[in-house]
Amino acid sequence: MEKSTASKHAASQPPYLRIIDLTKKFGPFTALDRVSLEIFDGEFVCFLGPSGCGKTTLLRAIAGLDVQTYGRIEQSGEDVSALPPTERDFGIVFQSYALFPNMTVSKNIAYGLENRKNSKKEIKQRVAELLELVGLPDQAQKYPAQLSGGQQQRIALARALATSPGLLLLDEPLSALDAKVRVHLRHEVRALQERLGVTTVMVTHDQEEALTMADRIVVMNDGVIEQVGTPLEVYREPATIFVADFIGTMNFMPGVIDRAHTVTVGGQNLRCKADGMSAGEKVTVAVRPEDIIVHEAGGDEENVFEVTISEVEFLGSFVRADLVADQFAENRMRADFSINLIRRLNIEQGANISVAIPAERIRVYPEMQ
Amino acid sequence: MSVAADSAVYARQRVKPKASRDDWQMRAFMLVIALYLLLALAFPLYAMLSKSFKNDDGVFIGLANYAEYFGTPALSYSINNSIFIAVITTFITVLLAFTLAYALTRSCMPFKGFFKSVAMVPILVPSLLPGIALVYLFGRQGMIPWLLFGHEIYGPIGIVIAEVFFTLPHAIIIITTALSIADARLYESAVALRANKFRIFFTVTLPGVRYGLISAGFVVFTLTITDFGAPKVIGGDFNVLATDIYKQVIGQQNFEMGAVVSVILLIPAAVAFVVDRMVQKKQVALLSARAVTLQPDPHKRFDMIMLGYAILVSVFILGMLLVCQYAALVKFYPYNLSLGLNNYQFDLMDGGGWDSYFNSIYMASYTAIFGTIVVFTGAYMVEKGRGFDLGRGLFQLLAMMPMAVPGLVLGLAYIFFFNAPGNPLNFLYHSMAILVISTITHFYTVSHLTAVTALKQIDAEFEAVSASLKQPFYKTFSRVTVPVCLPAILDISIYLFVNAMTTVSAVVFLYGPDTTLASVAVLNMDDAGDIAPAAAMGMMIFYTAASVRLLHYFLSAYLEKRTQKWRMR
């Protein structure tokens, strides 16, 4: 597993949360298989993956709600592996909000503040503060059912933050909301987290959410971590074919390593940055649609070749074109071109154009199984 | 690096989750209630089972009692009789119930609410009452005996009619539910494919309710084969298993033979129970959250036919009650038909007098209060507890068992267990406490399932949130779970109250001179030939149960109004 280099945290600082060789079994089914991970103080980390990949299981293990079968979890340097949730330090927000329906908003937020030697006045003050924080200062006396989904989720967030936990766990918190509210809340949650500096782990299956919100993304599949990295890293340099396929759109083509830094796809040699592979090795070549650029006369790009546009799909601000070329045989490539470019170069179905792929944007993986 | 060395160790080390104080407290609660179920159900059943292998000196004699049972045709023939009655009743009840449920859900006949309420009335009376009504209607000096064309009401005919009356509401509830979850889109597709009405009925309607019909069939079968009230009053010389137990124990003091018959009666009840559970699981799978509710269209002729049918069923049900009420008020049927309250002078008859009526109200109240607390708390601990899977699994099993145990069998098992000389709980025998315990246990399963269903419907993460906020579970339980589940809690308490008022079977072996009950008084007065006072007492039970039902209805409506602010969706 490649280690994040772009982390904004100094390597000298001990991790806030250390997960070591975590395995979780449900009967014969292995939900997590020797997962190890370090999360630093103040970080916003997203667990991203398809359903059933183990991301929620990992979150619930961190919370102590479903304790792992093997492995160790350290929080603030303390071993919490076997502790029940009540003895761990975290606040949690669920997709369902889990607000107590029979209590008003302010009672919900105050719930965790009771029995902690707080005076009534202090509690009232803290509730007002939190309502202010989540931007709903005038909703204190309403019941959850009287609020919109987005408002309910903010109240759930306020309730989780009320006791100032060291760790905030978010289990698909935005998945039940409308698309617009979801986009809006992404920014709010992130801004709030940055303001409070609380270490946060969010589970999501929505890559856009992870890419926009996280400091680092943990991409999971089949109970193992595929890659840990910043949003840019997992997007630009996906470590595995799974990550390349799961995040964003990717063209995959079978290829053969020709010699160092050159791979052959069909009849076309492409320069690339791939290291450590020997000539003749069969590989899978991956290119993002937006990394295929139109070669105009006078340009000095490498990897230039001729293609025919077989199909054009209009997608709003850009166009996705299906490219075919004799040397690629049945392999098609999809390329994204901006509307401006299309207009300027008069690209349309059936046109022949020259395209180029920058060598550093070509990813090469050992052959897909 | 040392991390790698650590790592290898942790990867093999099984984590033993530490239980929190909440976990221990919840397990303790659950264990207490499990212990209750062991004492009130499992141990007594074991005592009864072992009794059936012993002679009256308590010496183990293997299968000798069973050999004697099957060697005595007068006894073993009751098996045939019981199954015969149960099968016929099941067939008739399911047919009648399906037709009424169909009228209630698929027609546009008027007064549906009224007919539905009337159909529920038999739940509010002891199963002895329809028998008494039949005696007045078709008995030797009855009002309309000629309607039987010379047949005798005492025997299978009487039992079947009484059982149909007694089991009808249970079947209607199940089948109405099955019919009302139908998806309108299926019918629209069928119409679009130009299927005619009969084809739609046989290809869409019937397959859609098949599990409901099967489930209703098993419920009716079990209720009938284990019922003791109807055959006792109207059975005459026609012996069934349930009356055999009573006769062996009360009449002949032959406890061992009573135990043998009980074990035999347990078998069909348990089989029906297991099959029904399997069918119910499939029924749940049929439920689709996105189904569009079917709105029936008016069809004048069809609606009129259904209305006529509903009126007929209502006349049957209300007629039985009216006959009982009339019989209770008539001074001396059939010789002096003037009306009066003579028959309400229960203190002048055998059976415990008015005290038994008030005892019943106490007993039903205690059962409702303590039963609801025990059942709901138990269901909460088992549903929301963490870890301790084996214990929780066993608890679930214990909670499901009472449904498969007929009341008479439970009552007899209590005699063997609690009345055993060495048992320190011996003092409970004949007390109010044992009546309450037996009744809670007898009706445990349905109450438990109601509680579990309600608990499953609330957000599964309340406990997780509460734990993250470091609040003890009992705070979540009392401040969130109970308020949110209050409608279900009220349903459980009313169910327990009404059943405690009407039940005869388990308590008939357990009451003492100071703890006679109204339902048992009905039985004993009828036995002594005081049929009119028996009818009067039966109607007292009906009025009490009906009032409490009504009270429950208004309380629920009030509650809904008060909490609608947070219940609205």
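**Exercise 1. The interface of chain A and chain B**

Task: State what area is buried between chain A and chain B, and which residues of chain A lose the most area to chain B.

Solution. In this predicted model, the area buried between chain A and chain B is about 3700 Å², and carbon and sulfur atoms give 60% of that area. On the side of chain A, the residues that lose the most area to chain B are T86(A), N102(A) and Y111(A), which together account for 16% of what that side buries. Counted by residues, the interface brings 45 residues of chain A into contact with 38 residues of chain B.

The next step is to look at the polar side of the interface, where the rule finds 18 residue pairs in polar contact and four salt bridges. Strands β1 (17-26), β4 (70-75) and β6 (91-94) of chain A each supply at least two residues of the side that touches chain B. The residues of that side of chain A divide into 20 nonpolar, 13 polar and 12 charged.

**Exercise 2. Salt bridges that join the two chains**

Task: Find which residue of chain A forms a salt bridge with E461(B), and describe where K18(B) and E87(A) lie.

Solution. E461(B) forms its salt bridge with R60(A), and the closest N and O atoms of this pair are 3.4 Å apart. In a further salt bridge, the side chains of K18(B) and E87(A) meet at 2.6 Å, N to O. K18(B) lies in the loop between α1 (2-12) and α2 (21-51) of chain B, while E87(A) lies in the loop between β5 and β6 of chain A, so this pair joins two chains.

To judge the surroundings of the pair, take each residue in turn against the limits of 20% and 50% relative accessible area, between which a residue counts as partly exposed. K18(B) has a relative accessible area of 40% and is therefore partly exposed, and E87(A), at 35%, is likewise partly exposed.

**Exercise 3. Salt bridges within chain A**

Task: Decide whether E74(A) is buried or exposed, and name the network of salt bridges that holds E74(A).

Solution. The side chains of E74(A) and R18(A) meet in a salt bridge at 3.2 Å, N to O. This pair links distant parts of the chain, since E74(A) is in strand β4 and R18(A) in strand β1 of chain A, 56 residues apart. Because buried means under 20% relative accessible area, E74(A) at 10% counts as buried, and R18(A) at 16% is buried as well. Both residues belong to a network of salt bridges that links R18(A), E38(A), R72(A), E74(A) and D79(A).

A further pair in chain A is E172(A) with K55(A), whose side chains meet in a salt bridge at 3.9 Å, N to O. Here E172(A) is in the loop between β7 (167-171) and α5 (179-196), whereas K55(A) is in helix α1 (residues 55-63), 117 residues apart in chain A. E172(A) and K55(A) are both buried. Over all chains, the structure holds 27 salt bridges.

**Exercise 4. A buried glutamine in a loop of chain B**

Task: Locate Q471(B), and list the residues with which Q471(B) is in contact, leaving aside its neighbours within four places in sequence.

Solution. Q471(B) is placed in the loop between α19 (462-468) and α20 (473-484) of chain B. With a relative accessible area of 2%, Q471(B) is buried. Its contacts beyond the sequence neighbours include, from chain A, Y111(A), G112(A), L113(A), E114(A) and N115(A), and from chain B, D22(B) and S466(B). Y111(A) has already appeared among the residues of chain A that lose the most area to chain B.

**Exercise 5. Two helices of chain B**

Task: Describe how helix α14 and helix α22 of chain B cross, and which residues meet.

Solution. The axes of α14 (residues 353-384) and α22 (residues 518-527) of chain B come within 7 Å and cross at roughly 145 degrees. From α14(B), the residues S356(B), Y357(B) and S360(B) meet A518(B), S519(B) and A521(B) of α22(B). The residues of this contact divide into three nonpolar, three polar and no charged.

**Exercise 6. Backbone details in loops**

Task: Give the phi values of S76(A) and Y97(A), and say which residues the cis peptide bond of Y333(B) joins.

Solution. S76(A), in the loop between β4 and β5 (78-79) of chain A, has a phi near 50 degrees, a positive value in a residue other than glycine. At 52% relative accessibility, S76(A) counts as exposed. Y97(A), in the loop between β6 and α2 (105-110) of chain A, has a positive phi near 70 degrees, but at 12% relative accessibility Y97(A) counts as buried. In chain B, a cis peptide bond joins Y333(B) and P334(B), with omega about -5 degrees, and P334(B) lies in the loop between β1 (330-332) and β2 (336-339).

Key: Residues numbered from 1 in each chain as written. Chains lettered and ligands numbered in written order. Predicted model: local features only at pLDDT ≥ 70, side-chain atom pairs only at ≥ 80, totals over all residues. Heavy atoms only, no water. Contact = heavy atoms within 4.5 Å. Buried area = accessible area lost by both parts, 1.4 Å probe. Polar contact = N/O pair within 3.5 Å; in protein donor to acceptor, adjacent residues only side chain to side chain. Helix = DSSP H or I, 4+ residues; strand = E, 2+ residues; numbered from the N terminus. Nonpolar A, V, L, I, M, F, W, Y, C, P; charged D, E, K, R; others polar. Axes fitted to C-alpha atoms, helices over the stretch in contact; angles between N-to-C directions. Buried < 20%, exposed > 50% of the residue type's maximum accessible area, 1.4 Å probe, protein only.
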